[in-house]
Amino acid sequence: MKIFLAALLALATTAPATAATPLHVIFDTDMGNDVDDALALAMLHAFASRGEVKLLAVTVSKDNPWAAEYVRMVDEYYGRPTIPVGIVHDGKTQEDGLYVKQVCELHHRHPNKAAVADAVQLLRKTLAGEQDGAVSLIQVGFSTNLARLMESAPDRYSTLTGMELIRKKVRLLTVMAGNFAASKPEYNVMTDIPAARKVFATWPTGVYFSGFEVGEAILYPASSIEHDFPAGNPVAEAYRVYAKMPYDRPTWDLTTVLYDLRPDRGYFDVSAPGDVTVAANGATAFQANPQGKRYFLKVNPIRAASVREACVWLASQPK
């Protein structure tokens with residue numbers, strides 16, 4: 001059994017023998033509200049170390065300077081201090097949260113506003129510098145930044161409007177949002193309902209949703225935090241201060257990253273195409289439509305264990 005499990009984990013995490021061109025990714029996160037964002041960022045750095053990803057930028061939809069500083073610290077820890085970071089202004093959830101300030105202070109860091117760009121300006125600048133159809137966007141927080149990108153006007157970075165820039169540069173959008181198993185509001189949607197409605201209804205590329213039910217079904221184990229991360233790792237430190245250990249946490253943002261970067265591995269089942277609407281209370285509904293560009297992920301019980309192990313191996317990969 002141990003030999004079989006080792007083979008399964010190797011298949012889940014081994015890079016292809018022939019390295020393909022790294023996928024160019026922008027990560028939009030509400031870092032600081034839940035700790036799964038930190039684990040998802042660690043996964044992106046693992047993919048970058050494996051040559052599978054070029055992390056172009058990180059934009060933060062939580063309007064708190066400690067959130068951006070924590071992202072900068074994680075990027076530096078994993079050896080990529082030059083990744084640009086942007087933050088929303090006049091946005092949602094301005095409180096400090098339960099780990100970003102605490103972990104930054106452990107490392108004697110304080111917010112450096114001069115080192116952090118405006119999120120929409122950074123999105124426009126980054127997209128403008130990329131080849132057509134080359135960028136994959138991963139959103140694991142509120143839709144605030146992407147909705148504002150859609151509304152943005154031409155500027156010094158591009159003569160295109162936001163929608164024109166998205167159509168030209170973005171390949172795909174994958175989001176952690178919604179609940180497609182029950183008609184209940186989901187946090188990322190209900191925090192900024194107007195933005196979610198705008199993005200879900202009019203974003204011009206395909207959008208893949210990893211709903212609440214996906215991450216809830218696959219838990220990140222506390223045992224990984226206790227045994228797989230070295231001392232001083234800011235992601236493990238965030239997990240420890242977020243809640244009383246030991247606890248297992250849903251993999252909401254991790255499954256979103258995993259699908260975006262490895263959609264052809266069979267980790268998840270995928271719905272037929274359709275449309276996604278948002279109710280007044282933040283609940284989402286999916287309506288099948290052959291001409292639609294919206295899809296939602298489904299947990300395959302047979303593959304759930306391999307999804308969990310892939311998330312663990314990637315999130316805990318040494319820098």
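In this predicted model, helix α5 and helix α6 touch through a small set of side chains and backbone atoms that we can name one by one. On the α5 side they are Ala119, Val120, Leu123, Arg124 and Leu127, and they meet Asn145, Leu146, Arg148 and Leu149 in α6. Sorted by class, this contact has six nonpolar residues, one polar and two charged. Helix α5 covers residues 119-128, and its axis lies 9 Å from that of α6, at an angle of about 65°. The crossing of α5 and α6 is right-handed.

Now follow α6 to another partner. Helix α6 (residues 144-151) also packs against helix α9 (residues 193-202). From α6, the contact uses Thr144, Leu146, Ala147, Met150 and Glu151, while α9 brings Ala195, Lys198, Val199 and Thr202. Five of these residues are nonpolar, two are polar and two are charged. Leu146 is worth finding in the structure: it is listed in the contact with α5 and in the contact with α9.

A third pair is α2 and α13. Which residues bring these two helices together? From α2 come Asp36, Asp37, Leu39, Ala40, Met43, Leu44 and Phe47, and from α13 come Trp252, Asp253, Leu254, Val257, Leu258 and Leu261. This contact holds ten nonpolar residues, three charged ones and no polar ones. The axes of α2 and α13 are 7 Å apart and meet at an angle of about 25°. Because of that angle, α2 counts as roughly parallel to α13, the cut-off for this being under 35 degrees.

Two numbers are used in the table below: packed helices are described by the angle between their axes and by the distance between the axes.

| Helix pair | Angle | Axis distance | Crossing |
|---|---|---|---|
| α2 and α13 | about 25° | 7 Å | right-handed |
| α6 and α9 | about 60° | 8 Å | left-handed |
| α5 and α6 | about 65° | 9 Å | right-handed |

Next, let us look at the spaces in the model. The second largest pocket holds about 190 Å³ of space. It is lined by 13 residues, and those closest to its centre are Asp34, Glu186, Tyr187, Asn188 and Trp252. Three elements each give two or more residues to this lining: α2 (36-49), α8 (187-190) and α13 (252-261). You have already met Trp252, which is one of the α13 residues touching α2. By class, the pocket lining has five nonpolar, two polar and six charged residues.

How many cavities of 30 Å³ or more are found in the whole structure? The search finds one. The largest cavity contains about 30 Å³ of space. Its lining is formed by Tyr77, Tyr78, Phe229, Pro230, Asn233, Ala315, Ser316, Gln317, Pro318 and Lys319. Six of these lining residues are nonpolar, three are polar and one is charged.

Finally, two spots in the backbone deserve a look. Where is the cis peptide bond described here? It runs from methionine 245 to proline 246, with omega near -5°. Proline 246 sits in the loop that joins α12 (234-242) and β9 (249-250). The other spot is threonine 93, which has a positive phi of about 50° even though it is not a glycine. You can find threonine 93 in the loop between β3 (85-92) and α4 (100-106).

Methods. Residues numbered from 1 in each chain as written. Predicted model: local features only at pLDDT ≥ 70, side-chain atom pairs only at ≥ 80, totals over all residues. Heavy atoms only, no water. 1 Å grid on protein atoms, 1.4 Å probe; cavity = no way out; pocket = protein on both sides within 12 Å on 5 of 7 lines; lining within 4 Å. Points joined across faces, edges and corners; volume = space filled by probe spheres on them. Helix = DSSP H or I, 4+ residues; strand = E, 2+ residues; numbered from the N terminus. Nonpolar A, V, L, I, M, F, W, Y, C, P; charged D, E, K, R; others polar. Axes fitted to C-alpha atoms, helices over the stretch in contact; angles between N-to-C directions. Parallel < 35°, antiparallel > 145°, perpendicular 65-115°, else oblique. Left-handed = near helix turned anticlockwise from the far one by under 90°. Contact = heavy atoms within 4.5 Å.
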